[in-house]
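Subject: Structure handover and notes

Hello,

Please find the structure below, followed by notes on what turned up in it. The notes go from one topic to the next and can be read beside the model.

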Amino acid sequence: MAYATPQRFIQEYGLDETTQLLADEQQLLTSQLLSDALAGSWTGTPSAAEQAAANAAKDRITRKLATVSNFMDGYLRGAVTLPLSTSDANAGTLEECCIALAREGVSDDSDNATERMVQIADRWRAWLKDVQSGRVSLITVAGEEVASRGRVRTGQAASNFNWGSFTPRSY
């Protein structure tokens, strides 16, 4: 299950930027063609080559979001039981993470990648590592921790034994 959709990616970064990032390989791609491909119907009469370019761009962003979601699951799987509920309180955070990492992924060359994009993606990767290690907990809508994968916790459990009255032996 992808944590984000192409429509949500466009909502976050705009149709023009999304088209620019995807047009790198598809020189015929325009914002209107991408919008039409995502909607599943064509405005006007685009050529077969234009339709193919738009469909390839749609497939590329869809595939990138799915690949990034799988990458994220690799980190999350060690910390929580998957799949997470779509109504989970983390859904928005996971969606933002997915979109930022996918943006860096489709910005695959120097003419459209920026240092800021890389910094944001690095921050999200660090967050995923923190979730995996248990430094960050995902919570449910009710504010409780998401079911974990059965981590082993160490330390002294609470007991009714009065440790203060225990006298150690002298040897």
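Which element gives the largest share of the lining of the second largest cavity? H5 does, with three residues. Before going further, please keep in mind that this is a predicted model.

Cavities

The search of the whole structure turned up two cavities of 30 Å³ or more. The second largest cavity holds about 40 Å³ of space. Its lining consists of Tyr 13, Ala 100, Arg 103, Glu 104, Met 117 and Ile 120. Helix H5 (91–106) and helix H6 (115–133) are the elements that give two or more residues to this lining. By class, the lining of the second largest cavity has four nonpolar residues, two charged ones and no polar ones.

Overall make-up

The protein has six helices and zero strands, and its pattern along the sequence reads α-α-α-α-α-α. Of its 171 residues, 33% are buried. Taking contacts between residues at least 6 apart in sequence, 66% join residues at least 24 apart.

Helix H1 and its surroundings

Helix H1 covers residues 6–13. Which of its residues are buried? They are Pro 6, Arg 8, Phe 9, Ile 10 and Tyr 13. These buried residues pack against H2, helix H3 (31–39), helix H4 (48–76) and H5. Tyr 13 also appears in the lining of the second largest cavity.

Glu 12 lies in H1 as well. Glu 12 counts as partly exposed because its relative accessibility is 38%. From C-alpha to C-alpha, Glu 12 and Glu 96 are 8.7 Å apart in space, with their positions 84 residues apart in sequence. Just after H1 comes Gly 14, which takes a positive phi of about 90 degrees.

H1 against H2

The axes of H1 and H2 are 7 Å apart, and the two helices pack at an angle of about 115 degrees. H1 is therefore roughly perpendicular to H2. On the H1 side the contact is made by Phe 9, Ile 10 and Tyr 13, and on the H2 side by Leu 15, Glu 17, Thr 18 and Leu 21. Sorted by class, this contact has five nonpolar residues, one polar and one charged.

Another residue of H2 (residues 15–23) to look at is Thr 19. Is Thr 19 buried or exposed? Thr 19 counts as buried, because its relative accessibility is 6%. Apart from neighbours within four places in sequence, Thr 19 is in contact with Leu 29, Thr 30, Ser 31 and Leu 34.

Helix H3

Two of those contacts, Ser 31 and Leu 34, are themselves among the buried residues of H3. The buried residues there also include Leu 33, Asp 36, Ala 37 and Leu 38. H1, H2 and H4 are among the elements that cover them. Just after H3, Gly 40 takes a positive phi of about 85 degrees.

Leu 65 in helix H4

Leu 65 is found in H4. Leu 65 counts as buried because its relative accessible area is 1%. What does Leu 65 touch, not counting residues up to four places away in sequence? The residues are Ala 2, Ala 4, Thr 5, Pro 6, Phe 9, Cys 98 and Ala 102. Of these, Pro 6 and Phe 9 are also buried residues of H1. Leu 65 and Ile 99 are 34 residues apart along the chain, and their C-alpha atoms are separated by 7.2 Å.

The loop after H4, and the segment after H6

Pro 83 lies in the loop between H4 and H5. The peptide bond that leads from Leu 82 to Pro 83 is cis, with omega near 0 degrees.

Where is Thr 140 placed? Thr 140 sits in the segment after H6. With a relative accessibility of 23%, Thr 140 counts as partly exposed. Thr 140 and Ala 91 are 49 residues apart in sequence, and 9.5 Å apart in space from C-alpha to C-alpha.

Regards

Terms used. Residues numbered from 1 in each chain as written. Predicted model: local features only at pLDDT ≥ 70, side-chain atom pairs only at ≥ 80, totals over all residues. Heavy atoms only, no water. 1 Å grid on protein atoms, 1.4 Å probe; cavity = no way out; pocket = protein on both sides within 12 Å on 5 of 7 lines; lining within 4 Å. Points joined across faces, edges and corners; volume = space filled by probe spheres on them. Helix = DSSP H or I, 4+ residues; strand = E, 2+ residues; numbered from the N terminus. Nonpolar A, V, L, I, M, F, W, Y, C, P; charged D, E, K, R; others polar. Buried < 20%, exposed > 50% of the residue type's maximum accessible area, 1.4 Å probe, protein only. Contact = heavy atoms within 4.5 Å. Axes fitted to C-alpha atoms, helices over the stretch in contact; angles between N-to-C directions. Parallel < 35°, antiparallel > 145°, perpendicular 65-115°, else oblique.
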